[in-house]
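Please load the model in a viewer and keep the selection tool at hand. The stops below go from the whole chain to single residues.

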Amino acid sequence: MILLLLLASCGKKVVLDELYSFKNLTWHMDSAIIAQWEPNDSEEAVFMSMYIRHSTDYPYNNIYLFRSIESTQGIEYTDTVNVALANPLGVWNGSGMSNLKTIEIPIGKGAVRFRNDERYTLKIIQGMRDTMLYGIQDVGVQFEQIQAEK
């Protein structure tokens, strides 16, 4: 009951929502996804996520991603993530009914607060060994500000 009240008293506001599409379903190893963001309110926590939309013709069951967030003060966050696009039996994870599947991946371990008067740059690079990674249609980035109602 208390959890329900907490969830009901909080709202989410999308503060960044960007989609990056790849021509011919091909993500070149030198093509970085770059999203910039300047927070307006450092008091509000932000949940960061990304999603990948891929074809069922994608040749692997996973994708490695190198992600970093940089501010004017330097690198704030960096990680390498192995995203399982399919289970060990080859069944695609995520949603989608046709030959396109979409999977959402969090960035970081939870909501964070950003400093005001900063410009942040999120950079995502595919870490597979293929120069031309076939089967990736889009990569999206979404930041949601979690607002406590007053």
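The tour covers the overall fold, a strand, the core, a cavity, a pocket and one charged residue.

**Before selecting.** This is a predicted model, in which local features need pLDDT of at least 70 and side-chain atom pairs count only at pLDDT 80 or more, while totals for chains, interfaces and linings use all residues. Residues are numbered from 1 along each chain as its sequence is written, and side-chain values use heavy atoms, with hydrogens and water left out.

**Whole chain.** Show the protein chain as a cartoon: one helix and ten strands appear, in the order α-β-β-β-β-β-β-β-β-β-β along the sequence. Helices (H or I, at least four residues) and strands (E, at least two) are DSSP runs, numbered from the N terminus. The C-alpha atoms fill a box of roughly 50 × 40 × 25 Å along the principal axes. Among contacts (heavy atoms within 4.5 Å) between residues at least 6 apart in sequence, 79% join residues at least 24 apart. Of the 150 residues, 36% count as buried; buried means under 20% relative accessible area with a 1.4 Å probe, protein chains only.

**Strand β3.** Select 33-37, which is β3. Ile-33, Ala-35 and Trp-37 point to one face and are buried, whereas Ile-34 and Gln-36 point to the other face and are not. In a regular strand the side chains alternate between the two faces of the sheet. Now add β8 (120-126). The two strands pair in the antiparallel sense over five bridges, where pairing requires at least two DSSP bridges. Ile-33 has Ile-124 of β8 as its bridge partner.

**Nonpolar core.** Select Trp-27, Ile-52, Ile-63, Leu-65, Ile-136 and Val-141, which touch the most other members of the 31-residue largest nonpolar core. Such a core is a set of buried Ala, Val, Leu, Ile, Met, Phe, Trp, Tyr and Cys residues joined through side-chain atoms within 4.5 Å. Strands that each supply at least two residues of this core include β1 (10-21), β4 (45-55), β5 (62-71) and β10 (136-148). Centre on Ile-136: its contacts, not counting residues up to four places away in sequence, include Trp-27, Ile-52, Tyr-58 and Ile-63.

**Cavity.** Select Leu-16, Ala-35, Trp-37, Ile-69, Phe-114, Tyr-120, Thr-121, Leu-122 and Phe-143, the lining of the largest cavity. On a 1 Å grid over the protein atoms alone, a cavity is a set of points where a 1.4 Å probe fits but cannot get out, and a pocket is an open set with protein on both sides within 12 Å along at least five of seven lines; lining residues have an atom within 4 Å of a point. The largest cavity has a volume of about 40 Å³. β8 gives the most to this lining, with three residues.

**Pocket.** Select Glu-76, Tyr-77, Val-112, Arg-113 and Phe-114, which lie nearest the centre of the largest pocket among its 13 lining residues. Its volume is about 150 Å³. β7 gives the most to the lining, with five residues.

**Glu-144.** Buried or exposed: which applies to Glu-144? Glu-144 is buried, with a relative accessible area of 16%. This residue is in strand β10 and touches Lys-12, Lys-13, Val-14, Ala-45, Val-46 and Phe-47, not counting residues up to four places away in sequence. For a distance check, pick the C-alpha atoms of Glu-144 and Arg-115, which are separated by 16 Å.

How values were computed:
Grid points are joined across faces, edges and corners, and a volume is the space filled by probe spheres set on the points. Buried means under 20% relative accessible area, exposed over 50%, partly exposed in between (1.4 Å probe, protein chains only).
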